[in-house]
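Open the model in your viewer and keep the selection panel at hand. We will go stop by stop.

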Amino acid sequence: MNLRRLIYLFFISFCTTFSTACVSTKDAVYFNNIGSTEIRGRTESLEPVIQPNDLLSITISSLNPAASEVFNVSAINSSRVANATATNTVSPVIGYLVDQEGNIQLPLLGKTKAAGMTKKDFQEGIRNQLIQRKLLIEPVVDIRYLNYKISVLGEVARPSVLTVPNEKITLLEALGLAGDLTIYASRNNVLLIREEEGNKKLVRIDLTTNELFTSPYYYLKSNDIIYVEPNKTKIQSASNVRQWLPVVFSGLTVIVIAADRLSR
């Protein structure tokens with residue numbers, strides 16, 4: 001019995017050793033060799049551009065609430081969206097869907113071009129139409145994205161699809177919401193996948209340098225996908241375990257059989 005217990009402890013120790021290979025501090029730390037400094041970033045291009053398949057909440061108010069009500073039949077209680085951060089369930093959402101031609105259908109205003117415009121420009125365009133057609137007096141237009149989401153995959157604690165209610169998120173914030181990188185993450189080779197004008201752009205990002213803070217990809221856009229690759233340590237340790245486990249199992253089997261025969 002003591003021999004069997006010794007074999008069991010040896011096996012557990014072996015598996016632990018091979019599955020937790022050493023990772024250097026340099027590979028596990030963000031922003032190596034960065035001291036106190038001030039980094040000035042540019043934020044003028046942060047405003048996202050409306051694209052086909054975007055889902056928008058459009059709320060219109062004015063001095064005459066009764067007259068404004070007809071424009072808000074598709075408004076959503078945005079608190080329901082704000083409460084969702086990373087789920088695998090789909091809840092019904094009411095809003096204005098931008099069609100493949102880049103238009104939405106608004107009450108009384110009809111087909112309205114939205115794609116290619118920022119929220120600010122689109123709000124101003126709707127407001128001007130309401131005033132020019134004398135539909136409302138001093139209208140106030142508020143537009144929010146209902147499907148502003150970021151996907152984080154790979155070597156993070158909680159791979160997730162993150163809903164972003166404030167429509168502004170940095171790469172570091174997204175990684176934080178996903179539970180941060182694991183010890184086996186490749187911090188100098190994070191992949192960002194972004195779709196722009198129907199084309200997919202793939203960008204490699206190094207989290208170990210301060211260049212991230214001035215990168216045009218520091219702030220994420222809706223539907224961005226972040227993939228964190230495993231580092232060489234994890235790949236190598238997994239390979240070692242696959243190579244040695246059959247040998248170890250065979251050796252332990254021989255030892256157990258021999259021990260049983262000796263104990264008889």
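The tour below starts with confidence, then visits the strands and ends at the aromatic rings.

**Stop 1: confidence**

Colour by pLDDT before anything else. This is a predicted model. Its mean pLDDT is 77, and 62% of the residues reach 70 or more. Now select residues 75-91. Here pLDDT stays under 50. The model has 19 contacts beyond four places in sequence for this stretch. Where pLDDT is low, predicted coordinates should not be read in detail.

**Stop 2: the sheet E2-E1-E5**

Select residues 55-61, which form strand E1. Add strand E2 (96-97) and strand E5 (140-145). Together they make an open sheet of 3 strands, in the order E2-E1-E5. The pairing is antiparallel. E2 and E5 are the edge strands, and each pairs on one side only.

Zoom in on E1 and E5. They are joined by 6 bridges. For a landmark, pick Ser57: its bridge partner in E5 is Arg144.

What lies across E1 and E5? Show residues 119-132 to find out: this is helix H5. The helix runs at about 145° to E5.

**Stop 3: Gln105**

Next, select residues 103-106, strand E3, and pick out Gln105. Is Gln105 buried or exposed? Its relative accessibility is 54%, so Gln105 counts as exposed. Display its neighbours too. Leaving aside residues up to four places away in sequence, Gln105 touches Tyr96, Gly110 and Lys111. Tyr96 takes you back to E2, the edge strand at 96-97.

**Stop 4: E6 and its two partners**

Select strand E6, residues 149-154, and strand E7 beside E6. These two pair in the antiparallel sense, over 4 bridges. A hairpin of 5 residues joins E6 to E7. Two matches help you keep register. Ile150 stands opposite Leu162 in E7. Val152 stands opposite Ser160 in E7.

Stay on E7, residues 160-163, and show side chains. Which face is covered? The covered face carries Ser160 and Leu162. The uncovered face carries Val161 and Thr163. Both residues of the covered face therefore stand opposite E6 residues you have just picked: Ser160 faces Val152, and Leu162 faces Ile150.Now add strand E10, residues 225-228. E6 and E10 also share 4 bridges, but in the parallel sense. Check the end of E6: Gly154 has Val228 as its bridge partner in E10.

**Stop 5: the aromatic cluster**

How many aromatic pairs does the structure hold? There are 3. A pair of aromatic rings is described by the distance of the centres and the angle of the planes. Select Phe213 and Tyr218. Their ring centres are 5.6 Å apart and their planes stand at 55°, so this pair is tilted.

Add Tyr219. Tyr218 and Tyr219 form an edge-to-face pair, with 5.2 Å centre to centre and 80° between the planes. Ring pairs thus link Phe213, Tyr218 and Tyr219 into a cluster.

Switch on the surface to finish. Tyr218 is in both of the pairs just shown. At 15% relative accessibility, Tyr218 counts as buried. Phe213 is partly exposed, at 26%. Tyr219 is also partly exposed, with a relative accessible area of 23%.

Methods. Residues are numbered from 1 along each chain as its sequence is written. Side-chain values use heavy atoms; hydrogens and water are left out. Rings of Phe, Tyr and Trp (its six-membered ring) pair if their centres lie within 6.5 Å; planes under 30 degrees apart count as stacked, over 60 as edge-to-face and the rest as tilted. Buried means under 20% relative accessible area, exposed over 50%, partly exposed in between (1.4 Å probe, protein chains only). Two strands pair if DSSP finds at least two bridges between them. Contact means heavy atoms within 4.5 Å. Axes are lines fitted to C-alpha atoms, for helices over the stretch in contact, and angles run from 0 to 180 degrees between N-to-C directions. pLDDT is the predictor's confidence in each residue, from 0 to 100.
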